Amino acid sequence: MSVLSRTKLKRKQPSPISAVTIATQIGGLTWHCLTAYRSQFLKKEMIDFANLEIEPKAILVKKNPMRQVYRICDNDMDIYIKLYHNETLQQMVKQAIAGNPAKMEFNDLYLAHSRNIDVPKPIAWVEGKAFNLLVTESIGESQSLEDILWQHPPVDKEFLYETLMATARTIAKMHCNGLDHTDLHSGNILVTSTPNGLKCTITDLYNVNFEQRSGHASAHPLHPRRMANIASLFAGMRYHLQQDPLRLFIKTYLESLNLLEHFSQEDFDTYYTLVNHKADLHSRKIWKGKDRRATRNSKYAKKIKLNDNWSANVFLQCKHPDPESKASKKIYQTQEWKNLLNHPLTLLEGGESLKEGGHSTIIAKTLCFEDLDLEVVVKHIRLKSGWRGFLQSCRASKAFRQWLRGHALIHRRIDTAWPLASVEHRKGFFLQESILITERIKGAYNLHVALRDNHLPDSHIIYNDLATQLGLILADFRKKGCRFRDAKAQNFLVSQRPDQSWRLHIIDLDGFHIDQTINSLTKHEALIRLAVSIMRHPKIGPRYYVRAFTAYIRLLALPQAYDRPSRHQLWHEVSQHVLKSCQTKEIIEST
């Protein structure tokens, strides 16, 4: 019988277990310590735990609006202190309903540690008037799995494989001991080097689930919560890893679960497909959250008020910047943006005119920040006349919509010109005009001009590479639930990297839609639109269309990718649509 066909048992929740602690007064705070030795240890250290922001021994390690993490390494003491804020009404209501987060995580760490799971050892917790503290032992010098995956240049292949195998074994051990982590991602896994090899430690156990364990310490991989654990971690790993290391990670995890049944190759392939599907669902959930975050004030973006009824949405920073983008690496200050955008129409003065006329003007110029001179493209968008203009004035500006779509593409790891700011002018409720500012991609040409004016080297290798990239980009759109109605050659920028390879970016996002249902009429729309736009270029022969088409159907894992007759049938259908669209285009141009 297949291991994947085993009946899933209903999980039993264990009775609540709290660590036996010793209460002691230290610095006006009631500390709950695991042992008397720990309470005496904290007493003798002269540290102002109530004011860690000004404590000279405390080093800030991590910070977000909900909590801060400090490290204190002095003499014989090496500890981490997690500070939970409890100042706003929302935070106080949440604590009143859910409980003290420091106490909850302390108890979870205690129980996990007693089950021999690799987690930081808890020391003490305390509840203050407007804060809560959790103290844990340090695990020594470590690096998060997220930092390892995002490192540029990439880490050594042997070290990467060893790290993935250690991570898989740690997660399998966690599942075998009855712990399900509800927020498992690469940032919550710390990797340390030991004489016996790499060791992974799981952190941030604020919200976890335990189950009773007895008998054979194994864990069935198809349990919904375990599948969710693996999928959430797998979704982030797919951005940086190829198929071989990903399959090694899943294989090591399954082999470490101590399953009683034999896990066949067919079972492995089935499980790997299921994990990819669950990871797709998790990724879409994360993308939607990041898309909403771009519309709110945060450390990543902010809305600011300017003079004369102008306002702007500005980019502040990116957690993982693009190595080839100067704009994404800088941390911007709100005051810098206010100084630059205080009189927005001055952005249209000077610079290089790229387009003028109609309802938009596009200018390339340099913005001077305090520590960076940045080349940007400024797009001034005016309203149409008549009723169309009135309807445009009643909705969000085109600059703001393109700014949001640009960040949505970045969240989905699709290359586009980095959106920096959207500025709009309103009189009361009604929109008057808007301005979009994006990073300029230096030395780039749109694909139509690059082919027409021979800006690309006359090399089949380069043309093959660009054809493959185009197929993968169009497939990526559809795979990530996006629709690009205007995927013509003029909306792709091609630029050369320092290593002489070529890179494609998407621009002009008017025809881009997020999370749209792809039906039978629109599923190959982008592929057909792109083919029509480059049909007249003499250098683009059938071989490049075939290469782009093959890359497209393989990334989407369409059935036609593995069956030659059906692949030829799909090619014929797409070709007929392309020829019909070309004939329609010629009729329109002739009239």
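Which residues are linked in a network of salt bridges? In this predicted model, the network is made up of D322, E324, D415, R497 and R503. The views below start with an open sheet and come back to this network at the end.

**View 1. Seven strands side by side in an open sheet.**
Follow the strands across the sheet and you meet them in the order β13-β14-β18-β19-β17-β16-β15, with antiparallel pairing. β13 (301-305) and β15 (352-355) stand at the edges, and each has a single partner strand, so one side of each is left without a neighbour in the sheet. From one strand to the next, the twist averages 20°.

**View 2. The edge strand β15 and its partner β16.**
Here you can look at how β15 joins β16 (residues 360-368): the two run antiparallel and are connected by three bridges. To find your way, start at S353, whose bridge partner in β16 is I363.

**View 3. Helix α10 lying across strands of the sheet.**
Helix α10 covers residues 334-341. The strands it lies across are β13, β14 (310-315), β16, β18 (419-427) and β19 (430-439). Compare the helix with β13 and you will find an angle of about 45° between them.

**View 4. A nonpolar patch on the surface.**
Five residues meet here: W387, F390, L391, F429 and F430. Together they have about 620 Å² of accessible area. Which helix gives the largest share of the nonpolar patch? That is helix α11 (residues 386-393), with three residues. F430, for its part, is found in strand β19. This residue is partly exposed, and its relative accessible area is 36%.

**View 5. Strand β7, largely enclosed by the rest of the structure.**
Why is strand β7 (residues 131-137) described as largely enclosed? Six of its seven residues are buried, so the rest of the structure largely encloses this strand. β7 has antiparallel neighbours to look for. Strand β5 (residues 77-85) is joined to β7 by seven bridges, and within this pair Y84 stands opposite N132. Strand β6 (residues 122-127) is joined to β7 by five bridges, with P122 standing opposite T136. β6 and β7 also form a hairpin, with three residues between them.

**View 6. D118 and the residues it touches.**
Is D118 buried or exposed? D118 is buried, with a relative accessible area of 18%. You can find this residue in the loop between α3 (101-114) and β6. Leaving aside residues up to four places away in sequence, D118 touches T170, K173, K199, C200, T201 and I202.

**View 7. Two salt bridges that involve helix α8.**
Side chains of opposite charge can pair when their charged atoms come close. One such pair is D280 and R238, whose closest N and O atoms are 2.9 Å apart. D280 sits in helix α8 (residues 265-293), while R238 is in the loop between α6 (224-237) and α7 (243-255), so this pair links distant parts of the chain, 42 residues apart. D280 is partly exposed, with a relative accessible area of 28%, and R238 is partly exposed at 22%. Another pair is D269 and R247, with their closest N and O atoms 3.0 Å apart. D269 lies in helix α8 and R247 in helix α7, so the pair ties together parts that are 22 residues apart in sequence. The relative accessible area is 33% for D269, which is partly exposed, and 28% for R247, also partly exposed.

**View 8. A salt bridge between D508 and K379.**
The side chains of D508 and K379 meet with an N to O distance of 4.0 Å. D508 is in the loop between β23 (502-506) and β24 (512-514), and K379 is in strand β17 (residues 373-382), so the pair ties together parts that are 129 residues apart in sequence. D508 is partly exposed, with a relative accessible area of 30%, whereas K379 is buried, with a relative accessible area of 15%.

**View 9. Back to the network of salt bridges.**
How many salt bridges are counted in the model? The count comes to 25. In this view, look for D322, E324, D415, R497 and R503, which are linked in a network.

Conventions
Residues numbered from 1 in each chain as written. Predicted model: local features only at pLDDT ≥ 70, side-chain atom pairs only at ≥ 80, totals over all residues. Heavy atoms only, no water. Pairing = 2+ DSSP bridges. Helix = DSSP H or I, 4+ residues; strand = E, 2+ residues; numbered from the N terminus. Axes fitted to C-alpha atoms, helices over the stretch in contact; angles between N-to-C directions. Contact = heavy atoms within 4.5 Å. Patch = residues over 30% accessible without salt bridge, like charges linked within 9 Å, V, L, I, M, F, W, Y side chains within 5 Å. Areas by Shrake-Rupley, 256 points an atom, 1.4 Å probe, with all protein chains shown as cover. Buried < 20%, exposed > 50% of the residue type's maximum accessible area, 1.4 Å probe, protein only.
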